[in-house]
Structure formats: structure tokens, C-alpha cells
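Trainee: I'm new to this structure and would like a close look at a single part of it. Could you pick one stretch and show me what surrounds it?

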Amino acid sequence: MIIILILIFLIIALFLSGFRSGKWSLWNKVVRTIITISAAAYFTFWFVERSVSQFLENSLAVQVINYLPQPIDFYIIRIQDGEKETKYLSKHVGQVRPEYFRIEYLNMQKSNEFWVAGYIGKNKLVYFSQVAVPNKNEDKIIEVKNYINNSLKLSAIATEKIEELKYDNIKLSIWVTLDLLLIFLNSVLLFRSSKKN
């Protein structure tokens with residue numbers, strides 16, 4: 001994963017900051033500057049891409065409306081046709097308050113179906129439904145009015161995939177936080193050394 005590779009380079013840059021004197025000091029600073037600027041540029045691009053990528057031209061807009069009397073935490077699992085390793089793609093829609101809605105954008109080019117799962121608290125599944133997508137040009141509105149589970153078998157698969165998504169998100173957030181912290185430390189050290197010069 002490129003985020004871990006960037007972390008390694010940032011650790012090297014931090015280690016190199018201890019060797020500021022000597023004949024290699026200029027090259028040392030150049031290498032540290034390149035690593036820090038490249039890492040900052042990558043994460044800027046990464047954050048922008050993650051923010052904008054959902055608004056795809058051919059994406060299907062899914063509006064989830066919560067009519068239940070309490071906030072529900074919703075997830076969408078997209079089923080990819082003909083895929084084995086990445087058959088299920090999970091997305092966290094977010095917590096939706098009563099009488100409010102959230103819109104999620106799905107790329108349905110290789111899919112004809114998605115599932116919607118709703119939780120109260122961390123692990124209590126209170127809503128599960130399958131949604132077929134016969135027409136990919138028509139946006140979907142999911143109105144959640146009852147506590148239902150349309151399929152115990154499929155909701156068990158959905159719960160497993162959602163747990164995997166949560167675990168992957170925790171791991172990713174740890175790596176990203178470490179990277180951003182090291183970018184900040186390297187930037188401060190570079191700024192200090194340039195200020196002294």
C-alpha cells in the first residue's frame with residue numbers, strides 16, 4: 001500500500017534530519033524536502049479524490065430517508081456481477097436522524113443490485129433490504145418506515161462485510177494519521193533549519 005510506503009520515506013526523512021552538518025547537508029535537505037512535499041501533495045490529491053469521486057457522471061444516486069423514530073446508522077453493500085474477490089463493496093452512508101435523509105452515489109456499471117443495512121448502536125441490525133436496479137438511469141429512493149430484515153442469510157453476509165469495512169477504516173485512519181503527523185514534524189524541522197540558515 002502506498003500509504004505505508006510514504007510512511008517509511010517520512011520516517012527516513014525524519015531520521016535524516018538528525019544529520020544537518022557535513023558535506024552532504026545540502027543533499028540531505030533536498031531529499032527531505034522532496035519527500036515531505038511529495039507526501040503532502042499525495043495526501044492533498046487523495047483527500048480531493050475521495051471527496052469528488054462519488055459524484056461520477058454515470059453514478060446512481062441513492063436517497064435513504066429515515067422515517068423511524070430514532071437515528072439509524074446506514075450502510076450500502078453493492079453486489080458486483082462476475083467478481084469473486086471483490087463481489088461485495090461496502091460503503092458507510094452515515095447516521096440519519098428521524099425525518100432526514102442522506103444521498104449516496106453508486107457506480108452501478110457492473111452491478112444490478114445493492115443492499116441497505118441499518119443499525120441502532122454499534123451492532124444491532126434493525127433494517128435490511130435488497131434493492132434491484134433494473135434501470136441504471138433512474139435514481140433510487142429508499143424509505144425506511146419499518147424495522148425489517150428481508151433475508152437472514154443475506155443480512156448475515158452484509159454484517160460480516162460491514163465489520164470488515166469498519167476494521168479496514170480503522171487501519172486506514174491509523175496509517176493516515178501517522179503519515180500526517182510525520183509530514184507535520186518534517187515540515188516543522190525543515191522550516192526551522194531554513195530559518196536558522
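Mentor: Let's start with the whole chain and then walk into strand 2 and its surroundings. A little background helps: this is a predicted model, in which local features need pLDDT of at least 70 and side-chain atom pairs count only at pLDDT 80 or more, while totals for chains, interfaces and linings use all residues. Residues are numbered from 1 along each chain as its sequence is written, and side-chain values use heavy atoms, with hydrogens and water left out.

The protein chain holds 3 helices and 7 strands (DSSP runs numbered from the N terminus: H or I of at least four residues for a helix, E of at least two for a strand). Following the sequence, you meet these elements in the pattern α-α-β-β-β-β-β-β-β-α. Of the 197 residues, 35% count as buried, where buried means under 20% relative accessible area, exposed means over 50% and partly exposed lies in between, with a 1.4 Å probe and protein chains only. Among contacts with a separation of 6 or more, 68% link residues 24 or more positions apart (a contact is heavy atoms within 4.5 Å).

Now for strand 2. This strand spans residues 72–80 and is mostly covered, with 9 of its 9 residues buried. In a regular strand, side chains alternate between the two faces of the sheet. Here, Ile72, Phe74, Ile76, Arg78 and Gln80 point one way, and Asp73, Tyr75, Ile77 and Ile79 point the other way. Residues on both of these sides are buried, Arg78 and Asp73 included.

Who are the partners of strand 2? Strand 3 is joined to strand 2 by 8 bridges, and the two run antiparallel; pairing requires at least two DSSP bridges between two strands. Across this seam, Tyr75 stands opposite His92 of strand 3. Strand 5 also runs antiparallel to strand 2, again with 8 bridges. There, Ile77 has Trp115 as its bridge partner.

Step outward and the whole sheet comes into view. It is an open sheet of 4 strands in the order 3-2-5-6, with antiparallel pairing. Strand 3 and strand 6 (124–132) stand at the edges with a single partner strand each, so one side of each has no neighbour in the sheet. From one strand to the next, the twist averages 20° (the axes are lines fitted to C-alpha atoms, for helices over the stretch in contact, and angles run from 0 to 180 degrees between N-to-C directions). Strand 5 (residues 111–120) meets strand 6 in the antiparallel sense over 8 bridges, and one of the facing pairs is Phe114 with Val131 of strand 6.

What touches Tyr75 from elsewhere in the chain? One such residue is Leu165, which sits in helix 3. Leaving out residues up to four places away in sequence, Leu165 touches Tyr75, Ser90, Lys91 and His92. Both members of the facing pair Tyr75 and His92 are therefore on the contact list of Leu165, whose relative accessible area of 15% counts as buried. Leu165 and His92 are 73 residues apart along the chain, yet their C-alpha atoms are separated by 8.4 Å.

Helix 3 covers residues 152–196, and Asp179 is also part of it. Is Asp179 buried or exposed? Asp179 counts as buried because its relative accessibility is 0%. Beyond neighbours within four places in sequence, Asp179 is in contact with Ile3, Ile6, Leu7, Leu10 and Phe43.

For a companion to strand 2, look at strand 1 (residues 60–66), which is mostly covered too, with 7 of its 7 residues buried. Leu60, Val62, Val64 and Asn66 point one way from strand 1, and Ala61, Gln63 and Ile65 the other way. Strand 1 pairs with strand 4 in the antiparallel sense over 7 bridges, and Ala61 stands opposite Tyr105 there. Strand 7 (residues 140–144) runs parallel to strand 1, joined by 5 bridges, with Val62 opposite Lys140.

To retrace the path on screen, begin at strand 2, cross to His92 from Tyr75, and then find Leu165, which touches both Tyr75 and His92.
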